[in-house]
Amino acid sequence: MAEIQDFRMDKKPVWCPGCGNFGILTALRGALADSGYEPHQVMIVSGIGCHGAVTQYVNANGFHSIHGRTLPVATGIHLANHELSVLAMAGDGDGYGIGMGHFIHAMRRNMDMAHIVHNNKLYSLTTGQTSPTTDKGRPTKSTPFGVIEIPVNPLTLALSSGATYISRGFAGDPPHLRKLIADAIAHKGFALVDVLQPCVTFNHVNTNTFYKERVYKLDEDGNYDTADKMAAYERALEWGEKIPIGLFYRESRPTYEDEVVTIRDMPLVKRPVEGVDITKTMEQFL
């Protein structure tokens with residue numbers, strides 16, 4: 001069984017000192033070790049943004065995709081070989097901006113994969129422009145007089161789009177985040193882990209201290225029922241002096257690949273190709 005050091009690489013991360021990505025990377029490696037998968041059984045797909053370098057720091061299969069296309073690439077890989085554990089990593093600008101359409105459709109299909117979003121509430125790789133999760137009124141480089149739009153709430157969006165595992169973690173609490181990611185990997189279906197990630201360079205409002213003073217854990221509330229969708233909506237809308245983290249909602253539903261006859265019993269990559277003649281098909285394109 002693989003251990004956490006088996007998922008480490010010698011390469012030193014290039015992120016800013018104090019970046020929340022370090023906490024997410026620590027939690028991710030730990031969660032992979034907890035998952036029981038070996039490095040060769042894991043596929044990590046990242047998008048564009050500071051988070052995108054994560055595929056260089058984890059000893060597993062990796063694919064650094066283009067902006068907003070993390071989920072389509074991860075979907076293709078998973079449909080080709082659903083025996084792999086596929087993780088789709090994205091930033092908030094990447095996943096909730098240009099990738100928004102893919103986000104919704106992957107959830108309603110209930111693709112069996114973990115989607116981990118590094119949510120620092122800005123486009124930080126390009127030096128601090130507003131992203132879909134930036135708070136209304138916040139001045140940024142691209143909105144010097146304040147953001148006009150209301151922010152996207154990824155949790156309520158996930159609830160209404162059919163995600164079957166919905167959680168929020170905090171990069172400043174790697175042990176707690178590790179468990180959430182491990183649970184997301186183990187979950188059969190689409191699992192969202194939205195991660196509150198302080199950006200020490202460009203976001204001077206949602207800092208590590210800001211979150212530490214506000215976050216509380218849903219799993220410490222003995223009355224909270226993770227199968228109650230309406231209760232999940234109420235907690236997902238809570239944002240202010242108190243910010244909940246943990247598992248908001250979980251349900252069991254057949255996955256997309258469970259319902260695709262051609263791959264239900266065997267991954268596409270293992271299907272025999274002897275006797276398959278694609279000459280006529282190829283002639284259409286030559």
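Colleague: Where is S65 found?
Modeller: This is a predicted model, and the place of S65 is given relative to its strands and helices. S65 is found in the loop between β2 and α2.

Colleague: Is S65 buried or exposed?
Modeller: The relative accessible area of S65 is 4%. Buried means under 20% relative accessible area, so S65 is buried.

Colleague: Which residue has its backbone oxygen 2.7 Å from a polar atom of the side chain of S65?
Modeller: S65 touches V45, S46, G47, I48, T70 and V73, leaving aside residues up to four places away in sequence. From one of these, the backbone oxygen lies 2.7 Å from a polar atom of the S65 side chain. That residue is S46.

Colleague: What is the order of the strands in the open sheet?
Modeller: The open sheet has eight strands with mixed pairing. β2 (61–64) and β7 (215–217) stand at its edges, each with a single partner strand, so one side of each is left without a neighbour in the sheet. The twist averages 20° from one strand to the next. The order is β2-β1-β3-β4-β6-β5-β8-β7.

Colleague: What is the bridge partner of M43 in β3?
Modeller: β1 and β3 run parallel and are joined by four bridges. The bridge partner of M43 in β3 is V86.

Colleague: At about what angle does α2 run to β3?
Modeller: Helix α2 covers residues 70–80. This helix lies across β1, β2, β3, β4 and β6. Its angle to β3 is about 175°.

Colleague: How many of the 15 residues of α1 are buried?
Modeller: Helix α1 covers residues 21–35, and its reach from first C-alpha to last is 21 Å, close to the 21 Å expected at 1.5 Å a residue. Its buried residues are N21, G23, I24, L25, A27, L28, R29, G30, A31, L32 and A33. The helix is largely enclosed by the rest of the structure, because the number buried is 11.

Colleague: Which helix do the buried residues of α1 pack against?
Modeller: The buried residues of α1 pack against the strands β1 (42–46), β3 (85–91), β4 (113–119) and β6 (190–196), and also against a helix at 174–186. That helix has buried residues of its own: H176, L177, L180, I181, A182, A184 and I185. It has 13 residues and reaches 18 Å, close to the 18 Å expected at 1.5 Å a residue. The helix is α6.

Colleague: Which residue just after α1 takes a positive phi?
Modeller: The phi in question is about 90°. The residue that takes it is G36.

Colleague: Why is the pair of W15 and F22 edge-to-face?
Modeller: The count of aromatic pairs comes to six. The rings of W15 and F22 have their centres 5.5 Å apart and their planes at 90°. Planes over 60 degrees apart count as edge-to-face, so the pair of W15 and F22 is edge-to-face.

Colleague: Is F22 buried or partly exposed?
Modeller: W15 is buried, with a relative accessible area of 9%. For F22 the relative accessible area is 31%, and partly exposed runs between 20% and 50%. F22 is therefore partly exposed.

Colleague: Which residues do ring pairs link into a cluster?
Modeller: The rings of F210 and Y211 have their centres 5.2 Å apart and their planes at 85°, so this pair is edge-to-face. Both F210 and Y211 are buried. The cluster linked by ring pairs consists of F170, F210, Y211 and W239.

Key: Residues are numbered from 1 along each chain as its sequence is written. This is a predicted model: local features need pLDDT of at least 70, side-chain atom pairs count only at pLDDT 80 or more; totals for chains, interfaces and linings use all residues. Side-chain values use heavy atoms; hydrogens and water are left out. Helices (H or I, at least four residues) and strands (E, at least two) are DSSP runs, numbered from the N terminus. The expected span of a helix is 1.5 Å times one less than its number of residues. Buried means under 20% relative accessible area, exposed over 50%, partly exposed in between (1.4 Å probe, protein chains only). Contact means heavy atoms within 4.5 Å. Two strands pair if DSSP finds at least two bridges between them. Axes are lines fitted to C-alpha atoms, for helices over the stretch in contact, and angles run from 0 to 180 degrees between N-to-C directions. A polar contact is a pair of N or O atoms within 3.5 Å; within protein, one must be able to donate a hydrogen and the other to accept it, and residues adjacent in sequence count only if both atoms are side-chain atoms. Rings of Phe, Tyr and Trp (its six-membered ring) pair if their centres lie within 6.5 Å; planes under 30 degrees apart count as stacked, over 60 as edge-to-face and the rest as tilted.
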